[in-house]
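Visitor: I would like to learn how salt bridges are read from a set of coordinates. Could you take me through them slowly?

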Amino acid sequence: MADRSSKSAGGRVDLLREDRGPIALLTLNRPEARNSLSEALMASLTEALADIGRSKQIRAVVLAAKGPIFCAGHDMKEMSAHRNDRDRGKAYFAQVMKQCAELMQDIMTCPKPVVAAVEETATAAGCQLVASCDLAVASEEAKFCTPGVHIGLFCSTPMVAISRNVPRKRIMEMLLLGEMVDAKDANAWGLVNRVVPKKQVLSEAMKFAETIASKSSEVVAIGKEAFYRQVELPVKDAYDHAAQVMVTNLLHRDSQEGIGAFLDKRKPEWGDR
């Protein structure tokens, strides 16, 4: 197991990284701040994802958190400190929103699938973080919420990711009422894949990652990129793009090996290992 933790500017480790064979376990480590997304933590996540994306050894990612909250969204203390800027914080707010949006897209564009392991509550941009991951496992105690409406700050950026997971009427319920959604409903609405007892969350997320890691990482990367590209296209354009990807995939060495192994009734030996 390799420990490659990332430190904030102040020297505190705000993001823990532990490589467990082909799986990178990233753990948010700001429990005293409810694991809120400070500039430093977002930068650490972005840096870790970029490094993982380039890695030949890592094949999947699990994103977890320490403390009683998975992630409470943006660091409101950090943001409020800029209210006294000459522009009342406008430039700073724009910078933070851009940084957060880029982080969420970094998760989607990372060639290695990312699995969220949510043991506790995820709110606002924390809920956005869960929705941005490819898969999510939640504990029976986990709750999800976009509560911005309660404090005069509509959760406009979180709704981008969440609305791509949750049906329209459900996301509007979350946004307009700002109420907590329990894990059972989050599962039924499509925000998470599995709900398990709290003590099993990490192991269940690791099972997802281990299954993914057993596949050809190059083919998984092709498929993940294709999914996020086609899902935003009109149906005809989506089929045109997917067909092109299938042709490219069929010509890939691991496709030839996988199909050959299937026909020969043997275990495939992926060329990317």
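Guide: What follows is a short walk through some salt bridges of this model, which is a predicted one.

Visitor: What makes a pair count as a salt bridge, and how many are there by this rule?

Guide: The general idea is a distance test, in which a side-chain nitrogen of Lys or Arg must lie within 4 Å of a carboxyl oxygen of Asp or Glu. By this rule the count comes to 15 salt bridges.

Visitor: Where do E173 and R170 lie relative to one another?

Guide: Their side chains meet in a salt bridge at 3.2 Å, N to O, and, because E173 and R170 are three residues apart in helix α6 (residues 168–177), about one helical turn separates them. E173 is partly exposed at 32% relative accessibility, and R170 is partly exposed at 35%.

Visitor: Which parts does the pair of E204 and R194 tie together?

Guide: The closest N and O atoms of E204 and R194 are 3.0 Å apart; E204 lies in helix α8 (residues 201–213) and R194 in strand β12 (residues 194–196), so the pair ties together parts that are ten residues apart in sequence. With a relative accessible area of 14%, E204 is buried, whereas R194, at 39%, is partly exposed.

Visitor: How many residues apart in sequence are the parts tied together by E218 and R253?

Guide: That salt bridge, at 3.1 Å from N to O, ties together parts 35 residues apart in sequence, since E218 lies in helix α9 (residues 217–230) and R253 in helix α11 (residues 253–264). Both side chains belong to partly exposed residues, E218 at 25% and R253 at 46%.

Visitor: Which residues are linked in a network of salt bridges?

Guide: Such a network links R17, D19, D51 and R54.

Terms used
Residues numbered from 1 in each chain as written. Predicted model: local features only at pLDDT ≥ 70, side-chain atom pairs only at ≥ 80, totals over all residues. Heavy atoms only, no water. Helix = DSSP H or I, 4+ residues; strand = E, 2+ residues; numbered from the N terminus. Buried < 20%, exposed > 50% of the residue type's maximum accessible area, 1.4 Å probe, protein only.
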